Amino acid sequence: MQLVGVDLGATHIAAGVVNREGKLLSRVSKPTLPERPWLSVVQDIRACVGEAVEAAGAILREIEAVGIGVPGNVDDGSGIVFACSNLHWQRVPLRQALSEGLPMPIHLANDANCAALAESIAGVSAHCDSSVFLTLGTGVGGGLVIHGRIFTGLGGGAGEFGHMVLYPEGLKCNCGRRGCMERYCSATALVQRARETCQAFPETDMLRRVDGNPENLDAKIVLECVRAGDPMALRVFSAFTRDLGLAIDNIIGALSPDMIVLGGGLSGAGELLLRAVRDAIPRCEMNVPRILPRIELARLGNEAGIIGAALLDRQSIAPVSRACAKEDRYE
């Protein structure tokens, strides 16, 4: 028997058939086109599921369950996507809509939680009792897995490390607060730091590589300049990894997981990022050596969302208690 996972993003809908060990057997995708009515997107999700099943040489009635990873606030108990800004969704009854063409159980979870689960079962944090997954991309997503299960917390909001405040009087975040981790530790934040540095130090190699236009900078160019030893790029990267180390140190202090897993686009920096972050974590507290978790790079790449969504059926996510987490909290 097999499972299907769907990674629903603002750009693409990706789906695949996955076995219970977390091996991806097929993969299909199509554009999301989020400006459409949500029911049109749901139709394409159903189509992707069918195409993925066909590509795996299976038939729909052999599929045990379908899991959907959504970039927003979801409740697997009710099957509702409460809020998903990238898709412009509010209170979308996704499970109910999908069940009209998919008769098997359908599970929902936040996409970062899906990636965290995938790595804990089939990736770098397999066999860890607890792990924290951080996606370092356009924003900062996160997921927490304890005893092999996603910990969603009250209202499904656990693991939103990107909106942990590092600097109370810091930069304004899209969430409305100031100083969030996302404003300092995302790929967007890295590029913004680099653009500001280019304006102050026009002799930097970063600016030369984009023909004098800092708006053409991206994270890849910044990291290339870091590897090449450009002093200004090194300054930007040092400030970035200092803040990422601060955020991870706070996570360690609060949760002390077995492993911190770094994923998302910036994890492509590989050992350059890994060494810098490891070096940024204090090794002692009050002159007493600390027991630190391993900090590793994610292994599953872009397939983690599909694999983790499919594996939602393998674990039990405790439904939100309607008594203490009423829907009006999402208003």
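Q: Is Met 206 buried or exposed in this predicted model?
A: Met 206 sits in helix H6. Its relative accessibility is 0%, and the cut-off for calling a residue buried is under 20%. So Met 206 counts as buried.

Q: Which residues does Met 206 touch, leaving aside its neighbours within four places in sequence?
A: Some of the partners, Ala 194, Thr 197 and Cys 198, are also on the list of buried residues of H5. Met 232, Ala 233 and Val 236 are in contact with Met 206 as well. The whole set is Ala 194, Thr 197, Cys 198, Leu 217, Val 222, Cys 225, Asp 230, Met 232, Ala 233 and Val 236.

Q: What distance separates the C-alpha atoms of Met 206 and Thr 135?
A: Along the chain, these two residues are 71 residues apart. In space, their C-alpha atoms are separated by 25 Å.

Q: Which helices do the buried residues of H5 pack against?
A: H5 covers residues 187–200. Its buried residues include Ala 187, Leu 190, Val 191 and Ala 194. They pack against H4 (182–185), H6 (205–208), H7 (219–228) and H8.

Q: What distance lies between the end C-alpha atoms of H5?
A: H5 has 14 residues, and at 1.5 Å a residue they should span 20 Å. The model agrees with that, because the end C-alpha atoms are 20 Å apart.

Q: At what angle do H5 and H8 pack?
A: Two packed helices are described by the angle between their axes and the distance between the axes. For H5 and H8, the axes are 10 Å apart, and the crossing is right-handed. The angle is about 145°.

Q: How many residues in the contact of H5 with H8 are charged?
A: On the H5 side you'll find Leu 190, Arg 193, Ala 194 and Thr 197. They meet Met 232, Val 236, Ala 239, Phe 240, Arg 242 and Asp 243 in H8. By class, that gives six nonpolar residues and one polar, and the charged ones number three.

Q: How many nonpolar residues are in the contact of H5 with H7?
A: The axes of H5 and H7 come within 9 Å and cross at roughly 65°, in a left-handed crossing. Ala 187, Leu 190, Val 191 and Ala 194 in H5 meet Ala 219, Val 222 and Leu 223 in H7. There are no polar and no charged residues in this contact, and the nonpolar count is seven.

Q: How far does H8 reach from its first C-alpha to its last?
A: H8 runs over residues 231–255, which makes 25 residues. At 1.5 Å a residue, 36 Å is expected. The reach in the model is close to that, at 36 Å.

Q: Which residue follows H8?
A: Look at the spot just past the helix for a positive phi, near 45°. The residue there is Ser 256.

Q: Which residue forms a salt bridge with Asp 249?
A: Asp 249 is in H8, and its partner lies 41 residues away, in the loop between strand S14 (288–289) and strand S15 (294–297). Both residues are buried. Their closest N and O atoms are 2.7 Å apart, and the partner is Arg 290.

Q: Which residues are joined into one network by salt bridges that share partners?
A: One bridge to start from is the pair Arg 209 and Asp 205, at 2.8 Å from N to O. Arg 209 is partly exposed at 39% relative accessible area, whereas Asp 205 counts as buried at 16%. The network is made of Asp 205, Arg 208, Arg 209 and Glu 224.

Q: Where is the Glu 64 that meets Arg 20 in a salt bridge?
A: The two side chains come to 3.0 Å, N to O. Both residues are partly exposed, with 26% for Arg 20 and 26% for Glu 64. Arg 20 is in the loop between strand S2 (12–18) and strand S3 (28–31), while Glu 64, 44 residues apart from it, is in strand S4.

Q: Is Ser 267 buried or exposed?
A: Ser 267 lies in the loop between strand S12 (259–263) and helix H9 (271–280). Residues up to four places away not counted, Ser 267 touches Leu 262, Leu 273 and Leu 297. Its relative accessibility is 17%, so Ser 267 counts as buried.

Technical notes: Residues are numbered from 1 along each chain as its sequence is written. This is a predicted model: local features need pLDDT of at least 70, side-chain atom pairs count only at pLDDT 80 or more; totals for chains, interfaces and linings use all residues. Side-chain values use heavy atoms; hydrogens and water are left out. A salt bridge is a side-chain nitrogen of Lys or Arg within 4 Å of a carboxyl oxygen of Asp or Glu. Helices (H or I, at least four residues) and strands (E, at least two) are DSSP runs, numbered from the N terminus. Buried means under 20% relative accessible area, exposed over 50%, partly exposed in between (1.4 Å probe, protein chains only). Axes are lines fitted to C-alpha atoms, for helices over the stretch in contact, and angles run from 0 to 180 degrees between N-to-C directions. A crossing is left-handed if the near helix is turned anticlockwise from the far one by less than a right angle, and right-handed if clockwise. Contact means heavy atoms within 4.5 Å. Ala, Val, Leu, Ile, Met, Phe, Trp, Tyr, Cys and Pro count as nonpolar, Asp, Glu, Lys and Arg as charged, and the others, Gly among them, as polar. The expected span of a helix is 1.5 Å times one less than its number of residues.
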